[in-house]
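Work through the three exercises below with the coordinates open, and try each task before reading its solution.

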Amino acid sequence: MTKTPKWNATDLPDQTGRTAVVTGANSGLGIATADALAQAGAHVVLAVRDIKRGEAAAATVRGARGSVEVRRLDLADLASVRAFAAAWQGTLDLLINNAGVMNVPESRTKDGFEKQFGTNHLGHFALTNLLLPHLTDRVVTVASGAHKLPGARMHFDNLNLTGEYSPVAAYSQSKLANLLFTLELQRRLTAAGSPVRALAAHPGWAATNLQGADASALRRALMQLGNRFIAQDNKAGALPTLYAATQDLPGASYLGPDRLGEMRGGPTMVGRSAAAADPESAKRLWTVSEELTGVTFPALKGKEITAGGGR
């Protein structure tokens, strides 16, 4: 019996003429995603905090049919998010909310939010809503299996986890927020009659530099072992994101690897926790996120999306 080959980056449909933004594209999953899209013909904007590192990453994209450019974006600074969106001109086919921090020591964003929640969720929340007037196809947000960890929940009474901070609890909350954001974003897009779709993906266990910032020396050591014996590389880890970005899938779909407990393998539709599928929590998170960022879902003007509010 012939085994069907797994879907991979060479199966990407032609992206010629399409423009994509990939946040956190200077390393890991981000540069693997950007490279694959550029190889398929897209123009890809590497949205990065450090321009020099972004330019070094862009230089590794060789022989592509498409092109890449680097623009500054610091998701931990809402002023930077606003500046990036305000500078955007023309249409945008694809936004990939990839950037993130994981299990870092307790700290705050420039605007005073717990860093993992502020960077992984609120920064992308603001960016997405500010860019929606330009978007024509879809938003893909990179989540994580960590949203299913025991005790993972939205701490609506204390989203900054003040006085009860745990790196793992903060990370799992931010990843749960990514999925609730995707759910409510799709609901709003559908209600508005927009053709734009919101999807989510997770990479499984991919060996990137994300694990190196863990607040726990023990977890860093365990992750190094996992990177060596379990993890797949960043190119394989990017496949669920690329699949979500280019295949004809329903809005709010969630993609991940198909083997070893979703830690590695080819992209497939995967399940999410009950907490991540709760529409009321999704609506509540959206309302809170608007209040915290000052950015709202764009209003509709005829069939076009127009810019949302903000302070």
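Rings of Phe, Tyr and Trp, the last represented by its six-membered ring, are taken to pair if their centres lie within 6.5 Å. The model to which this is applied is a predicted one.

**Exercise 1.** Determine how many aromatic pairs there are, and which residues are linked by ring pairs into a cluster.

*Solution.* Applying the rule gives a count of six aromatic pairs. Following the links from ring to ring then leads to a cluster formed by Phe125, Phe181, Trp286 and Phe297.

**Exercise 2.** Classify the geometry of the pair formed by Trp7 and Tyr243, and explain what the pair ties together.

*Solution.* Begin with the geometry: the ring centres are 5.0 Å apart and the planes make an angle of 90°. Since planes over 60 degrees apart count as edge-to-face, the pair is edge-to-face. Next, place the partners: Trp7 belongs to the segment before β1 (19–23), whereas Tyr243 belongs to helix α8 (residues 239–246), so the contact joins parts that are 236 residues apart in sequence. Finally, consider the surroundings: both Trp7 and Tyr243 are buried, and in α8 eight of its eight residues are buried, among them Leu239, Leu242 and Ala245.

**Exercise 3.** Locate Lys115 in the secondary structure, decide whether Lys115 is buried, partly exposed or exposed, and name the residues that form a positive surface patch with Lys115.

*Solution.* Lys115 lies in helix α4, which covers residues 115–131. Its relative accessibility is 30%, and therefore Lys115 counts as partly exposed. The positive surface patch consists of Lys115 together with Arg49, Arg53 and Arg72.

Technical notes
Residues are numbered from 1 along each chain as its sequence is written. This is a predicted model: local features need pLDDT of at least 70, side-chain atom pairs count only at pLDDT 80 or more; totals for chains, interfaces and linings use all residues. Side-chain values use heavy atoms; hydrogens and water are left out. Patches are made of residues with over 30% relative accessible area and no salt bridge: like charges are joined within 9 Å, nonpolar side chains (Val, Leu, Ile, Met, Phe, Trp, Tyr) within 5 Å. Accessible areas come from the Shrake-Rupley method with a 1.4 Å probe; for residues, only the protein chains shown count as cover. A salt bridge is a side-chain nitrogen of Lys or Arg within 4 Å of a carboxyl oxygen of Asp or Glu. Lys and Arg count as positive and Asp and Glu as negative; His and the chain ends are not counted. The place of a charge is taken as NZ of Lys, CZ of Arg, CG of Asp or CD of Glu. Helices (H or I, at least four residues) and strands (E, at least two) are DSSP runs, numbered from the N terminus. Buried means under 20% relative accessible area, exposed over 50%, partly exposed in between (1.4 Å probe, protein chains only). Rings of Phe, Tyr and Trp (its six-membered ring) pair if their centres lie within 6.5 Å; planes under 30 degrees apart count as stacked, over 60 as edge-to-face and the rest as tilted.
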